[in-house]
Amino acid sequence: MAKYILKRVLLSVVTVLIICAITFFAMHAVPGGPFNREKALSEATIEALNARYGLDKPVFEQFLQYLKGLLHFDFGVSLKNGRAIKDIISESFPISARLGVSAMAVALVCGTVFGSTAALMRNRLPDRLIVFFSTLFTAVPSFVLATLLLLVFCIKLGWMPVWSPQTPTYILPVLSLSAYPMAYITRLSKTSMLDALGQDYIRTARAKGVSRFKMIFKHALRNSLIPVITYTGPQVAYIITGSMVIETIFTVGGLGSKFVSAIGNRDYTLIMATTIFLATLMVIATLLCDLLYKVVDPRIQYD
Amino acid sequence: MEHNNGLPKKNPLSLQLDLKKFSAAQFEKATDEEKRQQDVMSESTTFFKDGMRKLSKNPLAMGSIVVLLLILVGILILPSIVPYQYDEILSVNGKRDKSAKNLAPFTYSEMEQKYIEEGGSRFPHIFGTDEQCRDYFVRVIYGTRISLAIGFFASLIVLIIGLIYGSISGYIGGRTDLIMMRIVDIIYSLPDMLVIILLSVVLNETLKFPSGSFLSKLGTNMISLFVVFGMLYWVGLARLIRGQILSIKENEYVLAARTIGAKPTRIIRKHILPNCLSVIIISTALQIPSAIFTESFLSFVGIGVKAPMPSLGSLANAARSGLQSYPYKLIFPALMICLIVLSFNLLGDGLRDAFDPKLKR
């Protein structure tokens, strides 16, 4: 077990390092330096600025410098407005985190409930409805769903206020962000529930007279949750990228919408920092999910 | 008494019944009924035929195939029927038609109305027009073309790279396999979307194509999308194929092929790959919608296909600005995306049900 954990942690660290390297060298390949502007600066000024920010050193040395900065959470400053990126992230990330965590919770809870219901009522009306909608929602791009929800509920019907920092209403953003993972989890948990219900231990439990309630919750549901846990890691990745879209549509001032506008502005330092930050987050989530999976399912061997 | 019954001499160590102990009279001729039992009642089916039979019984999968074929025929034929171009700004009698802005479906602009009253004929704008006076129907058709082409080629790239990498890794095994799979592990844990965005941003600035060529028309974003697909997305398929090959290469027929001196490339091509064909088909069918989704996401973030070339994602994204007044401009491309993705998903599920040997009960 300890060996496995060590191996996975090491792999994650290597992954984060690779991501840092890709981002750094990719951004370095972009022509034009940070001091390029319409009014050309004099040679001497540019040289002085380069020396001031260490840009005259070899690229690899600059990379090490950058990594050192990252360890102190020093992401540099935004190219467009000169603000410290650390401040931008610490200000906008909590909003994204609240949105993302709520969406994930909704997707996990509703997904398993719907999936298990469909499995227990197989080939009856609720099952058919659940299968229909979950198939449908895996085919709708999140930005289309979000735009339609915004149009119908905020603008046409006026049931919900449009998002503003004073009156944050998370319902619609959370709903549109969780739709795809919810549909996916529903399908996943339906198959795994059906699989669990067909196992011998369920027959044994029924034969010895366990109540239906206890059979479902104690024997079937707990075993059917294992594949759902494996999906939680990729789900974090989906929610992080998905929240870029959702936040932009609902004008939620989170990190995702900051990232999208940074892409539009070609704000390279901000793109670089946000990529590294979000990627690290995803890697950590995948790592935790993998470890949790091994804890939950004792049948899996550590290789 | 010694009967030979036309048999060779029996090996004394053999445990088989010694037929020489019986006379010919002791054998009974099989009756017609018994002979009929040996008749082949139904033709033997191959794996592929069996799968196709199962697939044809799945109404959802067959419906998806019909829908996809209709879409395919539509995008191939319709552009030559509709007399507009995807980047053509509408004009009447050679004069630019400024009134043809944001027309509703099946309506004509004032200039066109006048032209029709004077006796001219005008092809209807089935989906109306967009804010730059272009026929929206043709744009949606071209968008579908581009999106499908992206999905298809991206899957093809993934298929080729994943297939070669996975088969080499699985067939050679040992240390080579270990190192190759470590590389796959690392690539697998990279957040794909973020890397795509990053590379698109960078390649956009660095890649330059001669203007006028097809590549420059498509835009660097799409090229970088393909590059990234080629670099990142193959790992899933490579893993899958490696796993298949690991189990298939233990089979006796592979051993038999090796003993008669078949080369590894021939063994992979002739004996192993046909046996993991089902897995390859299924995962490719499911790769196409995911590529279409990725493209529409990138268009949303603003790094999709280059204007004026439309894709379904960029059309839907462009429609968001005038959403309150012209909701149909979002509805048409969005419906198209849903239809295509839904069809491929259902087809992929159907293929899995029909071809996946693990599901055979």
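Here is a short exchange about chains A and B of this predicted model.

Me: Happy to start with overall form: why is chain A called more spread out than a compact globule?

Reply: The globule rule gives 19 Å for 303 residues, while the radius of gyration of chain A is 24 Å; that is well over the rule, so chain A is more spread out than a compact globule. Its C-alpha atoms fill a box of roughly 85 × 60 × 30 Å along the principal axes.

Me: Good. What makes up chain A, in helices and strands?

Reply: Eleven helices and zero strands. Buried residues make up 36% of the 303 residues in chain A.

Me: How do you know that helix α3 of chain B has the span its residues should give?

Reply: Take 1.5 Å a residue: the 23 residues, 59-81, should then span 33 Å, and the end C-alpha atoms are 32 Å apart, so the two agree. There is a bend too, of about 30 degrees at Ile75(B), with Pro79(B) following within four residues.

Me: What makes Ile75(B) count as buried?

Reply: A buried residue has 20 or more other C-beta atoms within 10 Å of its own, and Ile75(B) is buried, as are Ala61(B) and Ser64(B) in α3(B). The cover over the buried residues of α3(B) includes α2, α5 and α14 of chain B.

Me: And which residues form the side of chain A that touches chain B: nonpolar, polar or charged?

Reply: In chain A, 35 residues are in contact with 34 of chain B. The largest share on the chain A side, ten residues, comes from α1(A). That side divides into 27 nonpolar, eight polar and no charged residues.

Technical notes
Residues numbered from 1 in each chain as written. Chains lettered and ligands numbered in written order. Predicted model: local features only at pLDDT ≥ 70, side-chain atom pairs only at ≥ 80, totals over all residues. Contact = placed C-beta atoms within 7 Å. Helix = DSSP H or I, 4+ residues; strand = E, 2+ residues; numbered from the N terminus. Nonpolar A, V, L, I, M, F, W, Y, C, P; charged D, E, K, R; others polar. Expected span 1.5 Å × (residues − 1). Bend = angle between axes of the 7 residues up to and from the residue. Buried ≥ 20, exposed ≤ 12 C-beta atoms within 10 Å, placed from the backbone. Rg over C-alpha atoms; globule rule 2.2 N^0.38 Å.
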